[in-house]
Every structure is written in C-alpha cells, then in structure tokens.
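Subject: Structure handover

Hello,

Here is the structure I promised to pass on. Please open it next to this email and follow along.

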Amino acid sequence: MPMYAHIVGVGSYLPERILSNTDLERMVDTNDEWIVSRTGIQERHLAADDEATSDLAALAGERALVSSGISKADVDLIIVATSTPDMLFPSTACLAQKKMGLTCPAYDINAACTGFVYALQAAVASIESGRTRTVLVIGADALTRYVDFTDRGTCVLFGDGAGAVVLQAGAEPGVRGIVLGADGSGADMLKVPAGGSAAPATVERIEAHDHYLKMSGNEVFKFAVRVVPRVTTEALEASGMSIEELDWLVPHQANQRIIDAAAERLGMPSERVFSNIARTGNTSAATIPLALDELYTSGRLAVGNTMALVAFGAGLTWGAAVITWTLPHANKED
Ligand code: ACO
C-alpha cells in the first residue's frame with residue numbers, strides 16, 4: 001500500500017502591531033489608492049521590537065501541535081523555512097525548538113518566499129521514506145526587519161508572520177505531487193546584498209542601505225505571472241489531476257494582480273482562489289501556511305478537498321504542491 005504524508009495539524013501567528021497604508025503615507029511618498037490598486041494590500045503586521053522570527057515560528061508551531069493533538073515528545077523533526085533568521089547561526093529552527101520545549105532534530109531551509117513548499121518536500125520525502133513519522137514544518141519570516149522604509153517601491157509590500165503544519169504518514173492520499181524549481185541566474189532580481197560573506201557589514205554598506213532588500217519589481221512581477229500557472233500545471237500533472245478537480249488554489253501572497261493574472265491563466269474561478277493579502281501583505285515563507293490555517297479555522301476546508309499550493313520568490317525559486325485535505329474541522333463533523 002502506498003504511504004502518503006498528510007497534514008494532521010495547522011496553526012499560525014500574526015504579530016499584534018499593524019502598519020496601515022495611512023501609516024506608510026506618513027513615512028514615504030505614497031498613498032493608499034496607489035498601494036491598494038497596484039498590490040491589493042491595505043495593512044500588514046509588524047513583529048514587536050522584542051519579537052524575532054523564532055518567536056513567530058514557535059507560536060505558530062505550538063498552535064499547529066495543539067491542533068494536531070500530538071504530544072511534543074512524538075515530534076521527530078522540525079523544519080523552519082525562513083530567509084530572515086534570528087541570526088546567521090544557530091538556525092531559527094533550533095531557537096524555535098527550545099522555545100517550544102521540543103528536543104528533536106531541527107534545521108532551516110532558505111528558499112525565500114518558496115521556502116514553505118521546499119520544506120514541505122523535505123518533510124514529505126522524510127516521511128515517505130519511513131525515516132520520520134511526525135514532522136513539524138514552519139514557514140516564518142520577519143521581512144520588515146530587512147525592508148528599507150525609505151524605499152516606497154518595496155516598503156509597502158511586506159509584513160511579518162508565521163504558519164505551521166504537522167505532517168504524519170497515512171494510507172489515504174494527502175500530499176500528492178510536488179514540483180520545485182530554481183534559477184540562480186535571476187539572483188539579482190531580489191536580494192539583500194550586504195551582511196553575508198560576499199559583503200560583510202561595514203559602516204559604509206550600512207549607510208548605503210545595502211543590508212536592506214533590493215528588488216526589480218517589474219521583472220519579478222513578469223517572472224511570477226509566468227511561473228505560477230506553469231508550476232501549478234506541472235504539479236497537477238505529477239499528481240494525475242486536472243485543474244477542474246481543484247477545490248482551492250492557494251497562491252503565495254505577493255501582489256493581488258499576480259494572483260488574479262495567474263488564476264485567470266489557469267482558468268480558476270476567483271471564489272476558489274485564496275487571498276488574504278489585503279490584511280497581511282507579503283509574509284514570505286509564511287503566506288501559504290497562514291492561508292491554510294485561515295481556510296481551516298474559517299470552516300472553508302472540508303475533508304477530501306483538494307488544493308494546489310504555489311509559491312515563487314528570490315533565488316529565483318518556485319514550487320507547487322497538490323494536497324488533499326485530511327484534517328477534520330475542530331468544531332464540526334466532516
Ligand atoms: N507609491 C506610489 N508610487 C509608487 C510606489 C508607491 N509605493 N512604488 C512605486 N511607485 C511609482 C514608481 O516610482 C513609478 O513611478 P514613475 O512611473 O514615475 O517612475 C510608478 O509607481 C510605477 O512603478 P512600477 O514599478 O512600474 O509599478 P508596478 O505596477 O510594477 O508595481 C510592484 C510595483 C508593486 C513592486 C510590482 O512590480 C510587484 O508587485 N512586483 C512583484 C514583487 C514581488 O512579488 N515580490 C516578492 C517576491 S517573493 C520573495 O521572495 C520576497
């Protein structure tokens with residue numbers, strides 16, 4: 001009998017502090033009308049001064065574990081997808097492990113905004129091979145710590161947050177096909193140039209704002225509109241399914257115009273395309289698990305629903321996964 005990994009718990013965390021478009025109007029030359037019409041974003045959450053990525057990750061991870069009903073002692077592995085680690089090392093996964101009171105192996109994956117789909121692939125491979133039974137996968141980012149709040153072309157886009165799922169082996173189909181991609185020739189389109197081994201922090205680099213996120217917005221936009229439908233189609237093919245069989249498309253939340261264009265190319269009706277970008281902005285590796293938790297807790301996901309998760313990001317990277325939902329809703333009989 002084939003073995004599948006499936007989701008047995010989901011949780012998320014958004015920091016309390018909210019930064020609205022009106023707040024941004026006071027910081028840079030922008031306005032609510034431009035931000036809403038060009039991106040769909042109305043507000044985003046900001047980590048508190050004493051909150052780091054591992055704090056967001058640990059809170060989302062704890063909530064996913066509670067939702068699964070699985071005890072901490074039974075978790076075999078933690079994978080944290082993040083591109084905004086607390087520090088270069090130790091890994092954010094190790095820091096979150098301690099905060100959650102877990103003792104299992106823990107490591108980070110950095111595939112920028114595609115990180116959660118990459119981490120899902122690693123978790124699924126580990127479960128399907130029989131090497132682990134229970135894996136906690138967390139997508140967590142505090143990108144606003146790397147955003148230049150004097151650059152109106154990027155500072156309106158990003159927010160902080162975390163989401164998590166618990167995966168276990170099961171006989172019924174859960175995670176079906178996953179397709180990943182990367183193209184390092186696009187590395188310059190989206191990067192934080194300084195602070196790593198290529199350009200260690202110096203006063204000059206910090207004064208030049210080189211330790212902040214730099215993005216060629218238009219190029220990333222065109223790449224995203226092309227790659228999202230393509231990789232979604234490839235993941236459906238790998239799963240032996242068609243777009244008509246999808247109950248939900250859960251895309252990375254980077255720009256509502258990217259979401260709409262990709263959905264249109266795929267022929268997916270808008271009411272089956274998840275979006276919460278208006279309230280969260282782009283939370284990088286957290287967008288997809290945040291979406292899963294919101295869909296689940298709002299009662300919009302039923303056991304047996306099939307969805308495609310699809311993301312893209314710096315690297316360049318991209319990835320899609322087709323999943324059949326197996327977690328009954330906490331408050332109702334499915
Ligand atoms: N407020 C007002 N005006 C602005 C703002 C702003 N916040 N930002 C840019 N503008 C101006 C520009 O200066 C430009 O003015 P000009 O014509 O006088 O030069 C004009 O608006 C148009 O700028 P464009 O960059 O062409 O605007 P566009 O419609 O492409 O939208 C955006 C820009 C929103 C950044 C878009 O390109 C985008 O969403 N790109 C994809 C970004 C993305 O997905 N990034 C995440 C990747 S995931 C990861 O790994 C982190």
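How do the residues of the shell around the ligand divide into nonpolar, polar and charged? There are 14 nonpolar, nine polar and four charged residues. Before you go on, please keep in mind that this is a predicted model.

**The ligand and its shell**

Start at the ligand. It is surrounded by 27 residues. The closest are Thr30, Arg38, Cys113, Asn255 and Ala314.

Now look at three contacts. Thr30 places a polar side-chain atom 2.6 Å from a nitrogen atom of the ligand. Arg152 also uses a polar side-chain atom, which lies 2.9 Å from an oxygen atom of the ligand. With Cys113, look at the backbone: one of its N or O atoms lies 3.4 Å from an oxygen atom of the ligand. These pairs count as polar contacts because the N or O atoms lie within 3.5 Å of each other.

How much of the ligand does the protein bury? Taken alone, the ligand exposes 1,000 Å². The protein buries 75% of that.

Which elements give two or more residues to the shell? They are helix 2 (32-39), helix 6 (152-155), helix 8 (217-238), helix 9 (256-266) and strand 12 (306-313). Helix 8 gives the most, with four residues.

**Two helix pairs**

Stay with helix 8 and compare its direction with that of helix 9. Their axes come within 9 Å and cross at roughly 40°. An angle under 35 degrees would count as roughly parallel, and one from 65 to 115 as roughly perpendicular. Helix 8 and helix 9 are therefore oblique to each other. Helix 8 passes helix 9 in a right-handed crossing.

Next, find helix 3 (residues 53-68) and helix 4 (residues 92-100). The axes of this pair come within 8 Å and cross at roughly 55°. So helix 3 and helix 4 are oblique to each other. The crossing of helix 3 past helix 4 is right-handed.

**Backbone details**

Last, check three spots in the loops. Some background first: most peptide bonds are trans, and most residues other than glycine have a negative phi.

Where is Pro90? Look in the loop between strand 4 (77-81) and helix 4. The peptide bond from Phe89 to Pro90 is cis, with omega near 5°.

A cis bond also runs from Gly315 to Leu316, with omega near -5°. Leu316 sits in the loop between strand 12 and strand 13 (317-324). Strand 12 has come up before, as one of the elements that give two or more residues to the ligand shell.

The third spot is Ala112, in the loop between strand 5 (106-109) and helix 5 (115-128). Ala112 is not a glycine, yet its phi is positive, at about 50°.

That is the tour. Send me your questions.

Best wishes

Technical notes. Residues are numbered from 1 along each chain as its sequence is written. This is a predicted model: local features need pLDDT of at least 70, side-chain atom pairs count only at pLDDT 80 or more; totals for chains, interfaces and linings use all residues. Side-chain values use heavy atoms; hydrogens and water are left out. A residue is near a molecule or strand if one of its heavy atoms lies within 4 Å of it. A polar contact is a pair of N or O atoms within 3.5 Å; within protein, one must be able to donate a hydrogen and the other to accept it, and residues adjacent in sequence count only if both atoms are side-chain atoms. Accessible areas come from the Shrake-Rupley method with a 1.4 Å probe; for residues, only the protein chains shown count as cover. Ala, Val, Leu, Ile, Met, Phe, Trp, Tyr, Cys and Pro count as nonpolar, Asp, Glu, Lys and Arg as charged, and the others, Gly among them, as polar. Axes are lines fitted to C-alpha atoms, for helices over the stretch in contact, and angles run from 0 to 180 degrees between N-to-C directions. Angles under 35 degrees count as roughly parallel, over 145 as roughly antiparallel, 65 to 115 as roughly perpendicular and the rest as oblique. A crossing is left-handed if the near helix is turned anticlockwise from the far one by less than a right angle, and right-handed if clockwise.
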